[in-house]
Amino acid sequence: ILAVGCQSMINAKEEIDRTTLCLPPDQGRLVERVVQSGIPAVMGLFTNYPYTINRAQEGIAAILMSATGAQDMGLAMAETLLGKSHPAGRLNMTWYKDVSQLKDIDDYDIIKGGRTYRYFDGEVLYPFGFGLTYTRFAYSDLNVICRWGRLKVRFAVTNTGDKVSDEVAQLYAVAPASRVKKPLRQLIGFERVKDVAPGETRWVEMDICADELRYYDVISASLMVEEGEYTFFAGPSSAERAVETSVFVPGRKPGLRLMTQRIAADHYDDYENISLEEGHFSYTAAALCEGADEGWLTYGDCGFDEEFSVLSLHMKSEKGCKVEAYVNGQLAGAWEGETRTCEHRSAPMMDRLGWQQVELRNRHRKPIYEDIEIDLAGCGELKPGAELKLHITGDIRLCYLKMLKGKAVKKINLGVAN
């Protein structure tokens, strides 16, 4: 018996992150020596988080994992090893094969970064929901009925082995193709079926609210169930579609962005090199990531109206920036400058001394949020459903955007506090 794992107060804890997914070096070497010896071994793994135990998976006969912290942790592990209890736990997170499969630790965007069982499409060591026991189970006869906002689910689980055991039956949903990236799979229900005898079949029934299929729609700024044909599958983990079926689920259809109202900058469809920061009027500001030279913000399905051809951006720039607006890939307009000295009204003619005084005052002005305007009238692509893409360079904090009627008001450096 090879016992390895973490000490929860040493290896990693709150405010102390690991720099690797490997076992501690000494334990890694011990595992390697046991594998190379060829001696049949069982590994008892005590851990509260994933490890990249690829070598153990290849060369160890069995691996029994337990979280730490329980008073009877050692007794429970011993009784399970001796067959006095039947393990049926499931992993509550994905175990990756290598740390290179993970994005930066400060990157919390699991959708764009392709993280967790929902969005990661690579090969993993152990998938989300994985777990074995001392027997095998078969799934059959999955039936899903959607009625009155509820999903009525029923399927059979049969113990095909020769040991009494529990099984954690899991139900996943796969959304239809959409304008946005949806999860590859989504856990919507599970049930632990206890003490199933060899050859016995149990029926699992679930009553699930269809709201479990909701996602956040950036156009309506609300959670919604999108109508369509959903695939449901049941199995022992997120990686095994033991039995599946498809059912139409009623819901809402995505609309168009109402461009004459404020569109929050962080309600984009896609981005590149953008970070989110505290903004103005309770909005979140989109800014370039530290060290990035340029970035993109993409807003799809824009409800453009040719009468409203002026793009207004509520933003702040202290050192200067440039914003280029592309509609369906065509450059429609641009703005360049900063908002410390940006004014709506026209200025009187000033001589050289007057401009020197303006420049002197501008050095002490604080940056403010302003409504910058870009005329898109000459684009020819301002039609409902078009895509708006903002290319950004320089120092910028963008809170929201909207389309205005009329012509863009040109702004000048006046030197008078806004």
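This report walks through a few parts of the structure: a small sheet, a buried strand, some salt bridges and the cysteines. Keep in mind that the model is predicted.

**The three-stranded sheet**

Let's start at the beginning of the chain. Three strands form an open sheet there, in the order β1-β2-β3, and their pairing is parallel. The edges are β1 (2–5) and β3 (62–66), each of which pairs on one side only. Neighbouring strands here are turned against each other by 20 degrees on average, direction ignored.

Take a look at β2, which covers residues 42–46: this strand and β3 pair in the parallel sense over five bridges. If you want a spot to find on screen, Val42 stands opposite Ala62 in β3. Helices pack on this sheet too. One of them is α1 (residues 25–37), which touches β1 and β2 and has a direction at about 150 degrees to that of β1. Another is α3 (residues 73–81), which touches β2 and β3, its direction making about 155 degrees with that of β3. As background, strands of a sheet pair through backbone hydrogen bonds, and they can do so parallel or antiparallel.

**A strand that is mostly hidden**

Further along the chain comes β20, residues 310–316. Six of the seven residues in β20 are buried, so the rest of the structure largely encloses this strand. Which way does β20 run relative to strand β24? The two are antiparallel, and six bridges join β20 to β24 (residues 370–375). Within that pairing, Val310 stands opposite Asp375 in β24. Strand β26 (residues 397–404) also runs antiparallel to β20, this time with seven bridges joining them. Here Met315 has Leu398 of β26 as its bridge partner.

**Salt bridges**

How many salt bridges are there in this model? The count comes to 22. Here are some of them:

| Salt bridge | N to O distance |
|---|---|
| Glu123 and Lys97 | 3.4 Å |
| Arg179 and Asp269 | 2.7 Å |
| Arg397 and Asp395 | 3.5 Å |

The Glu123 and Lys97 pair links distant parts of the chain, with their positions 26 residues apart. Glu123 sits in the loop between α4 (116–119) and β5 (124–126), while Lys97 is in the loop between β4 (95–96) and α4. Glu123 has a relative accessible area of 56%, so this residue is exposed. Lys97, at 30%, is partly exposed.

Arg179 and Asp269 also link distant parts of the chain, and they are 90 residues apart. You'll find Arg179 in the loop between β8 (165–174) and β9 (186–196), and Asp269 in the loop between β15 (263–264) and β16 (270–272). Both are partly exposed: Arg179 has a relative accessible area of 26%, and Asp269 has 30%. These residues belong to a network, too: salt bridges with shared partners join Arg179, Arg257, Asp269 and Asp301. As for Arg397, this residue is partly exposed at 23%.

**Cysteines without disulfides**

How many disulfides does the whole structure have? A search finds zero. Cys399 is in no disulfide, and the nearest cysteine sulfur, that of Cys321, is 13 Å away. A disulfide needs the two sulfur atoms within 2.5 Å, so that gap rules this pair out. Are these cysteines buried or exposed? Cys321 has a relative accessibility of 5%, so this residue counts as buried. Cys399 counts as buried as well, at 0%.

Definitions and conventions:
Residues are numbered from 1 along each chain as its sequence is written. This is a predicted model: local features need pLDDT of at least 70, side-chain atom pairs count only at pLDDT 80 or more; totals for chains, interfaces and linings use all residues. Side-chain values use heavy atoms; hydrogens and water are left out. Buried means under 20% relative accessible area, exposed over 50%, partly exposed in between (1.4 Å probe, protein chains only). Two strands pair if DSSP finds at least two bridges between them. Helices (H or I, at least four residues) and strands (E, at least two) are DSSP runs, numbered from the N terminus. Axes are lines fitted to C-alpha atoms, for helices over the stretch in contact, and angles run from 0 to 180 degrees between N-to-C directions. Contact means heavy atoms within 4.5 Å. A salt bridge is a side-chain nitrogen of Lys or Arg within 4 Å of a carboxyl oxygen of Asp or Glu.
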